[in-house]
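Morning, everyone. I have one chain to walk you through today. Please bring it up on the screen.

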Amino acid sequence: VRFENESSETNSQQIIGRPVVVKLNSGVDYRGVLACLDGYMNIAVEQTEEYVNEQLKNKYGDAFLWGNNGRY
């Protein structure tokens, strides 16, 4: 997970509600607003957009991304 304009040391509570980009091992990116994050890096994202090869493919209201699928 890359938090837009934030260092990796940012406290997770400070970034809830902020824009994020979640890159999956498959190369697909999900961009949206961070709703929650747990200790296993499972991520809930709101206003989610799915990008493949930097092209917008789908829009979702909410998405839940399993931590073991994330690259960062």
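One term before we start: two strands count as paired if DSSP finds at least two bridges between them. Now apply it. β4 and β5 are joined by nine bridges, and the two strands run antiparallel. One of those residue partnerships will come back later: Val-45 has Ala-63 as its bridge partner in β5. The two strands form a hairpin with two residues between them. Look at Asn-53 there, which has a positive phi near 55°.

Now step back. This is a predicted model. The mean pLDDT over the chain is 83, and 76% of the residues reach at least 70. Where is confidence lowest, and where is it highest? Strand β1, residues 2–3, is the low end with a mean of 52. The high end is β4, at 96.

The overall layout is quick to state. There are five strands and one helix. Reading from the N terminus, the order is β-α-β-β-β-β. The chain has 72 residues, and 35% of them are buried. Its exposed surface is about 4,800 Å², with 44% supplied by carbon and sulfur atoms. On contacts: take those with a separation of 6 or more, and 25% of them link residues 24 or more positions apart.

Next, the interior. Which residues make up the largest nonpolar core? Ten of them: Ile-15, Val-20, Val-22, Leu-24, Val-28, Tyr-30, Leu-34, Ile-43, Val-45 and Leu-65. Three elements give two or more residues to this core: β2 (19–23), β3 (29–37) and β4 (43–52).

Two core members deserve a closer look. Start with Ile-15. It sits in helix α1, residues 12–15. Its relative accessibility is 1%, so it counts as buried, the cut-off being under 20%. Leu-34 is 19 residues away in sequence, yet the C-alpha atoms of Ile-15 and Leu-34 are 7.3 Å apart.

Then Val-45. Set aside neighbours within four places in sequence. Val-45 still touches Val-20 and Val-22. It also contacts Arg-31, Gly-32, Val-33 and Ala-35. Further along the chain, its contacts are Gly-61, Asp-62, Ala-63 and Leu-65. Ala-63 is the bridge partner I mentioned.

Now to the aromatic side chains. How many aromatic pairs does a search of the whole structure find? One. Phe-64 and Trp-66 form it, edge-to-face, with 4.9 Å from centre to centre and 85° between the planes. Phe-64 has a relative accessible area of 45%, so it is classed as partly exposed. Trp-66 comes in at 53%, and therefore counts as exposed, because that class begins over 50%.

Where is Trp-66? In the segment after β5, which spans 55–65. Beyond its sequence neighbours within four places, Trp-66 contacts Met-41 and Asn-42. Tyr-40 is 26 residues away along the chain, with 8.3 Å between its C-alpha atom and that of Trp-66.

That brings us to Asn-42. It lies in the loop between β3 and β4. Is it buried or exposed? Buried, because its relative accessibility is 12%, and the limit is under 20%. With neighbours within four places again left out, Asn-42 contacts Cys-36 and Leu-37 on one side of the sequence. On the other, its contacts are Phe-64, Leu-65, Trp-66 and Gly-67. So both members of the aromatic pair appear in that list: Phe-64 and Trp-66.

That's the tour. Questions, please.

Definitions and conventions. Residues numbered from 1 in each chain as written. Predicted model: local features only at pLDDT ≥ 70, side-chain atom pairs only at ≥ 80, totals over all residues. Heavy atoms only, no water. Helix = DSSP H or I, 4+ residues; strand = E, 2+ residues; numbered from the N terminus. Buried < 20%, exposed > 50% of the residue type's maximum accessible area, 1.4 Å probe, protein only. Contact = heavy atoms within 4.5 Å. Areas by Shrake-Rupley, 256 points an atom, 1.4 Å probe, with all protein chains shown as cover. Core = buried A, V, L, I, M, F, W, Y, C linked by side-chain atoms within 4.5 Å. pLDDT = per-residue confidence, 0-100. Phe/Tyr/Trp six-rings, centres within 6.5 Å; stacked < 30°, edge-to-face > 60°.
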